[in-house]
Amino acid sequence: MAADALAIIPGAVLRNLADKLYEKRKNAALEIEGIIKQLSTAGEHDKIAAVIGLLTSDFAMSPQANHRKQGGLIGLAAVTVGLTSEAAQHLELIVPPVLNAFLDQDSRVRYYACEALYNIAKVVRGDFIIYFNKIFDALCKLSADSDANVQSAAHLLDRLVKDIVTESDQFSIEEFIPLLRERMNVLNPYVRQFLVGWITVLDSVPDIDMLGFLPDFLDGLFNMLSDNSHEIRQQADAALSEFLQEIKNSPNVDYGRMAEILVRRAGSDDEFTRLTSITWINEFVKLGGEQLVPYYADILGAILPCISDEEEKIRVVARETNEELRAMKSDQTEGFDIGAILIIAERELNSEHEATRIEALHWFSTLLLRNRTEFLGYLEGIFEPLLNALSDPSDAAYNHASSVIQSLGEEDINVKFLVQLDKLIRLLETPVFAYLRLQVNF
């Protein structure tokens with residue numbers, strides 16, 4: 001095949017294609033373009049394949065001087081331009097050596113690979129999509145290239161590929177999402193900008209349902225909110241704001257998977273991440289309905305500590321969310337787990353923050369009032385923490401604990417209750433609780 005190609009392309013053209021001077025390589029590529037046009041018109045596709053093979057093996061993937069590789073890349077682009085509308089049938093031979101050149105150690109080779117792929121993409125447009133995942137992977141790496149010229153060339157190629165994808169009906173979001181998901185926790189700022197850029201562009205395409213796949217990359221976006229770069233934080237926040245607006249307007253949202261992510265992020269050390277997470281949780285509680293019932297305990301576990309956050313904005317949203325959650329009425333048939341919520345409330349009784357302890361006790365009162373039978377089933381495990389709350393230095397906390405315990409006194413006497421009552425009596429007989437003896441009445 002190489003011998004056939006040598007008979008097609010004049011030796012002088014091939015020598016100039018490997019020359020150190022860019023102008024000679026460029027002129028050689030133009031001559032190759034003209035030859036390919038003639039072969040294409042004549043339907044000589046075997047000869048075209050032979051030329052592509054020669055440009056690949058002897059130039060683009062040559063172990064010799066790098067300007068020879070550069071000439072090969074320019075030549076492959078020239079072949080594509082010469083083929084015009086018939087280029088698609090040869091892409092499987094043209095594209096792989098160009099993609100391979102993105103990994104070359106020489107930055108000039110990587111630069112010319114970007115330029116070559118740009119020119120190829122301009123010609124074939126939508127036919128290019130079958131290589132999208134490989135091209136995306138290459139662009140992701142090139143976005144963080146050590147050479148500024150390569151980065152610049154990659155950005156131009158990236159914009160063209162975005163244009164092609166947004167106008168194509170062959171793009172597969174299902175195949176793309178795993179590729180996106182595995183890169184979302186990369187810390188490199190250039191890669192992060194690249195990823196957010198793609199998320200934003202794809203979300204703007206009406207026929208692509210990015211919201212349906214949001215749980216796959218939501219955590220990565222939240223991770224970017226604490227980036228050292230203000231620009232990246234701003235871009236991630238803008239993308240999240242747009243998705244939250246879409247959630248408000250969408251009838252079909254997978255709240256559950258995303259709630260798990262938001263709960264984790266609400267405990268972040270980064271203030272902006274906590275505020276954004278708790279804001280999302282607030283909206284989810286309003287919008288999620290029955291979908292969120294199995295996650296009430298986890299959500300409560302995120303809200304209660306935030307009620308005592310140092311940042312006022314977070315405290316305000318957390319309190320509002322806590323009230324919304326407590327106002328909801330659910331039963332066990334919907335997946336409501338009173339035991340899980342009591343565990344959270346009991347845990348937060350040990351908080352160093354008064355506001356959180358008070359709200360935890362408020363939850364005991366609410367659950368006893370609404371779900372008395374179920375509540376009493378957990379009495380043995382929660383009675384002692386309630387007794388300990390009587391020694392809370394906060395008057396409000398004491399009043400809540402006292403109210404719950406007094407309410408328990410209205411229950412029919414049984415062995416379990418007598419055991420808990422005995423604990424209370426023994427506790428009140430200690431000197432430290434002398435001042436309470438006349439205040440707690442059954």
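User: Does C140 count as buried or exposed, and at what relative accessibility?
Analyst: This is a predicted model, in which local features need pLDDT of at least 70, side-chain atom pairs count only at pLDDT 80 or more, and totals for chains, interfaces and linings use all residues. Residues are numbered from 1 along each chain as its sequence is written, and side-chain values use heavy atoms, without hydrogens and water. Buried means under 20% relative accessible area, exposed over 50%, and partly exposed in between, with a 1.4 Å probe and protein chains only. C140 therefore counts as buried, at 5%.

User: How many disulfides does the structure hold?
Analyst: A disulfide is a pair of cysteine sulfur atoms within 2.5 Å. The structure's count of such pairs is zero. C140 is in none, and the nearest cysteine sulfur, 13 Å away, is that of C114.

User: Which helix gives the largest share of the largest nonpolar core?
Analyst: A nonpolar core is a set of buried Ala, Val, Leu, Ile, Met, Phe, Trp, Tyr and Cys residues joined through side-chain atoms within 4.5 Å. The largest one has 154 residues, and those touching the most other members include F217 and W280. Helices are DSSP runs (H or I, at least four residues), numbered from the N terminus. The largest share, nine residues, comes from α7 (residues 107-124).

User: Which residues are exposed on the other side of α10?
Analyst: In helix α10 (residues 173-181), I173, F176, I177, L179 and L180 are buried. These residues lie on the same side of α10 because they cover an arc of only 165 degrees around the axis, taken from the directions from the helix axis to the C-beta atoms. On the other side, the exposed residues are E174 and E175.

Technical notes. Helix = DSSP H or I, 4+ residues; strand = E, 2+ residues; numbered from the N terminus.
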